[in-house]
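Reader: I'd like a close look at one part of this model, a pocket and the elements around it. Please start with the whole chain and then zoom in.

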Amino acid sequence: MKTKKFSHCRLSFIFFGSLSLLFVNCENKTDAVIARVGMTKLTKSELLAQLPEEITVTQENLPILLDKWINSELLYQEAERLKIQAQQLAKEYIVNAYLKKEAAKLKVPSKDLLAYFNKHKEDFLNEVKIRRIVLGSAELAQATLEELRKGADFVKLAKERSIEPIPEKGEASRFFSRGIADPGLEEAIFALKPGEFSDVLETTEGFQIIQLVEKRKVKKDIAFSEVADYIESILSLQLSRAHIDSIINALRVKGKFQTFPKAYFSQKE
């Protein structure tokens with residue numbers, strides 16, 4: 001068996017869609033270098049060795065993979081510059097691995113899939129057009145929601161406050177159907193009537209308030225088989241979140257922990 005000698009290794013994390021990839025970056029002088037950040041290199045064999053089996057490198061996805069690695073390496077180098085400890089990163093990786101293992105144990109019953117389909121079938125026959133306000137804090141989002149409830153203009157507040165990275169803040173989206181956006185958001189959106197707006201919705205982009213602009217029917221009927229996989233992904237996510245919450249609650253009951261918020265504010269800089 002041939003052995004390889006590496007003069008330098010490091011751990012870094014890449015997020016590819018919903019998948020977290022752990023990369024071990026090791027310098028190998030005989031391998032093709034396919035990316036570089038400063039003095040740190042990524043070789044072809046390192047990329048192949050660390051990718052999960054279900055991901056095949058193609059001409060289309062290679063630039064994306066390399067981009068993710070570059071982003072991760074830039075963040076890693078900045079973290080090192082700021083003296084952020086690798087121990088914390090390792091702890092987060094272990095926690096994520098544990099949560100993934102717990103989620104893999106769960107299986108959504110077939111009857112629940114069919115029940116969801118029957119309850120939400122009308123959603124899959126329609127398309128909607130929305131506008132939204134994305135805010136950076138829960139407090140500002142709640143205050144904005146109260147203003148809207150009192151009659152404030154949705155478009156005006158969106159232009160003034162939304163942190164969307166687009167110039168057309170407050171303008172209506174294109175029509176879209178279920179299966180395009182975040183499942184939790186979609187449930188809230190498709191439950192609205194034209195003109196209505198949602199409660200504050202916490203998302204990865206920020207705290208959102210969504211207004212339904214228009215809804216139109218585009219299909220006469222749809223078969224369960226057409227949306228079964230999509231429904232399973234929604235219910236699996238809900239089931240795993242509930243399961244993880246129950247684990248955390250159980251650990252908090254039997255665990256010993258304390259917080260000292262006053263100490264934070266009493267300490268002089």
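Author: Of the protein's 269 residues, 30% count as buried (buried is under 20% relative accessible area, exposed is over 50%, and partly exposed is in between, with a 1.4 Å probe and protein chains only). Before we zoom in, note that this is a predicted model, where local features need pLDDT of at least 70, side-chain atom pairs count only at pLDDT 80 or more, and totals for chains, interfaces and linings use all residues. Residues are numbered from 1 along each chain as its sequence is written, and side-chain values use heavy atoms, with hydrogens and water left out.

The protein has 9 helices and 7 strands (these are DSSP runs, H or I of at least four residues for helices and E of at least two for strands, numbered from the N terminus). Take the contacts with a separation of 6 or more: 63% of them join residues 24 or more positions apart (contact means heavy atoms within 4.5 Å).

Now the pocket. The second largest one has a volume of about 380 Å³. A pocket here is an open set of points on a 1 Å grid over the protein atoms alone, where a 1.4 Å probe fits, with protein on both sides within 12 Å along at least five of seven lines; lining residues have an atom within 4 Å of a point. The volume is the space filled by probe spheres set on the points, which are joined across faces, edges and corners. There are 19 lining residues, and the closest to the centre are Ile130, Arg132, Glu164, Ile166 and Ser173. Strand E5 (126-135), helix H7 (183-190) and strand E7 (207-217) each give two or more residues to the lining; E5 gives the most, with 3. By type, the lining splits into 9 nonpolar, 3 polar and 7 charged residues (Ala, Val, Leu, Ile, Met, Phe, Trp, Tyr, Cys and Pro are nonpolar, Asp, Glu, Lys and Arg charged, and the others, Gly among them, polar).

Let's stay with E5 for a moment. Glu127 sits in this strand, and it counts as buried because its relative accessibility is 19%. Leaving out residues up to four places away in sequence, Glu127 touches Phe175, Phe176, Ser177, Glu214, Lys215, Arg216 and Val218.

Just past E7, Lys219 lies in the loop between E7 and H8. Lys219 is partly exposed, at 37% relative accessible area. With the same sequence neighbours left out, Lys219 touches Phe124, Leu125 and Glu226. Its C-alpha is 6.8 Å from that of Asn126, though 93 residues separate the two in sequence.

H7 leads us to helix H4 (residues 110-120), whose buried residues are Leu113, Tyr116, Phe117 and His120. Those residues fall within an arc of 100° seen down the H4 axis, so they line one face of the helix (the arc is that of the directions from the helix axis to the C-beta atoms). They pack against H7 and helix H8 (224-254), while the face turned away from them carries the exposed residues Lys111, Asn118 and Lys119.

One last stop is Leu201, in strand E6 (residues 201-202). Leu201 is buried, with a relative accessible area of 18%. Its contacts, again without residues up to four places away, are Leu185, Ala188, Gly206, Phe207, Gln208 and Ile210. The C-alpha atoms of Leu201 and Val134 are 9.4 Å apart, with their positions 67 residues apart along the chain.
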